[in-house]
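Thanks for coming. I will take a few minutes on the pockets and the ligand in this one, then finish with the backbone.

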Amino acid sequence: MLKGKHILLGITGSIAAYKSAVLCRLLVTAGAEVRVVMTPLAKQFITPLTMATVSQHPILVDFFNPENGEWNSHVKLGEWADLYLIAPATANTMAKMATGVADNLLLTSYLSARCPVAVAPAMDLDMYAHVATQRNMEQLRKDGVHIVEPGSGFLASGLVGKGRMAEPEQILEAVKAILAEKKKSLEGKHFLVTAGATIEPIDPVRFISNHSSGKMGYAVAEALAARGARVTLISGRTSLDVPQGVERVDVLSAEDMWRECVERFAASDGAVMCAAVADYTPATVAEQKLKKGDSDMRIELRRTKDIAATLGAEKGGRVLGGFAMETENEQQNAQGKLERKNFDFIVLNSLRTEGAGFRGDTNVVTLIDRECQEELPLMSKREVAERIVDKIENFL
Ligand code: PMT
């Protein structure tokens, strides 16, 4: 259920921090990768060594490593996480979250997080019941933060009442439910995704094509389907398996891809154009294998139809995203394509960047729309796909 999920576990200064080790172990056992960020006070309640051991990663507390000055980037943590879980969350930390105070790494990570955030409050019963705490929790709820309700029982103060952090097993169930909810955010929506290379025949044995493997487009299709969307993947030739829950339509040429896309676009909620489509195709296709002679040969090429531009002209309220594969003047060319094809956003990848582009499992992209642009670090194509789907959700 949590396999491959990135969970950022925040620990604040509460006696309930002793349960965080068990919680972390449960998350890791369920398949999640867990990174732990602690407030300075939390270290008084559970040691970084314990948390580093159970999470299998060094613990983050300070903005930088005092030994070597290395920066602990809260922005990167916020980008990395699929879920930010703060357990235990003290009244003090929740008050700061509710008002946007950012005076430690745990809080700056909260302000940078793009993923769902959950808190498991832990405090004395009177602190929990206090109008200020309740007001702050209400604010957090309005801000979209999930609250894993505390239980009732013996408290560190010796009193009995509501304020005990939920048990690790209950928090694990809440984490699963939150991630499942995120998954279903596109239920009822239908998207087209183009992927792979088109093939433009010259004769029965030769063709013009390119290096696209389809991996980027298949990752986008998979990420959309994982969030509950119905996905039609219009795919050039590839050796990839059809992602779970995705309908694949196989095509060969740019003309075939154009036809299949145009036919389906009106009934969809949008499209992501990942395919590397031939801009030119042989003007005629020889019926028999072309024989070589002594002189050079010329093949006359004619323009293919621009699929993205055709869909862009009929876009209406649908979301249309495209890619730009560039080798020079990257920004300028991508901006030009965004406008000409009437994309809502374009994903720029450059062949000049190591780890980006064709065939590999990673990409380095800049997401560009009319308001802003965002450079992402080297990521797996699946992670890039998640970010693209986040963007689509924002447009919807
Ligand atoms: O498949 P992989 O090996 O994983 O590689 C991924 C990728 C490099 C192919 C992918 O990330 C990518 O950049 N795809 C777009 C490649 C491309 O053809 O870009 P372009 O700049 O030529 O085209 C701009 C946009 O118009 C693209 O969205 C393209 O799909 C679309 N287009 C182009 C021509 C055409 N006739 N019809 C189109 O729809």
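Before the contacts, one cut-off: a polar contact here is a pair of N or O atoms within 3.5 Å. Please also keep in mind that this is a predicted model.

With that cut-off, start at the ligand. One of its oxygen atoms is 2.9 Å from a polar backbone atom of Ala 308. An oxygen of the ligand is also 3.0 Å from a polar backbone atom of Phe 323, and for Met 325 the corresponding distance, again from a ligand oxygen to a polar backbone atom, is 3.3 Å. How much of the ligand's accessible area does the protein cover? On its own the ligand has 770 Å² of accessible area, and the protein covers 96% of that.

Now the shell. There are 30 residues around the ligand, and those that come nearest are Ser 212, Ser 213, Lys 337, Asn 349 and Arg 359. By class the shell divides into 14 nonpolar, 8 polar and 8 charged residues. Three elements supply at least two shell residues each: helix 9, residues 215-226; helix 11, residues 307-313; and strand 16, residues 319-326. Strand 16 gives the largest share, with 4 residues.

Which pocket holds the ligand? The ligand sits in the second largest one. That pocket has a volume of about 840 Å³. Its lining comes to 38 residues, with Ala 275, Ala 276, Val 277, Phe 323 and Met 325 closest to the centre. Phe 323 and Met 325 were mentioned a moment ago, for their backbone atoms at 3.0 Å and 3.3 Å from a ligand oxygen. Helix 9, helix 11, strand 16 and helix 12, residues 330-340, are the elements that give two or more residues to this lining. Its classes are 17 nonpolar, 11 polar and 10 charged.

Next, the largest pocket. The volume is about 1,200 Å³. It is lined by 43 residues, and nearest its centre lie His 6, Trp 80, Ala 81, Asp 82 and Glu 383. Two or more lining residues come from each of helix 3 (74-80), helix 8 (168-183), helix 9, strand 21 (379-380) and helix 13 (381-395). Helix 9 therefore appears in both lists, this one and that of the second largest pocket. The lining here has 18 nonpolar, 9 polar and 16 charged residues.

Last, two points on the backbone. Where is the cis peptide bond? It runs from Ala 87 to Pro 88, with omega near 5°. Pro 88 lies in strand 3, residues 83-89. The other point is Asn 329, where phi is near 40°, a positive value in a residue other than glycine. Asn 329 is placed in the loop between strand 16 and helix 12, and both of those elements give residues to the lining of the second largest pocket.

That is the end of the talk.

How values were computed: Residues are numbered from 1 along each chain as its sequence is written. This is a predicted model: local features need pLDDT of at least 70, side-chain atom pairs count only at pLDDT 80 or more; totals for chains, interfaces and linings use all residues. Side-chain values use heavy atoms; hydrogens and water are left out. A residue is near a molecule or strand if one of its heavy atoms lies within 4 Å of it. A polar contact is a pair of N or O atoms within 3.5 Å; within protein, one must be able to donate a hydrogen and the other to accept it, and residues adjacent in sequence count only if both atoms are side-chain atoms. Accessible areas come from the Shrake-Rupley method with a 1.4 Å probe; for residues, only the protein chains shown count as cover. On a 1 Å grid over the protein atoms alone, a cavity is a set of points where a 1.4 Å probe fits but cannot get out, and a pocket is an open set with protein on both sides within 12 Å along at least five of seven lines; lining residues have an atom within 4 Å of a point. A molecule sits in a cavity or pocket if more than half of its atoms lie within 2 Å of its grid points. Ala, Val, Leu, Ile, Met, Phe, Trp, Tyr, Cys and Pro count as nonpolar, Asp, Glu, Lys and Arg as charged, and the others, Gly among them, as polar. Grid points are joined across faces, edges and corners, and a volume is the space filled by probe spheres set on the points.
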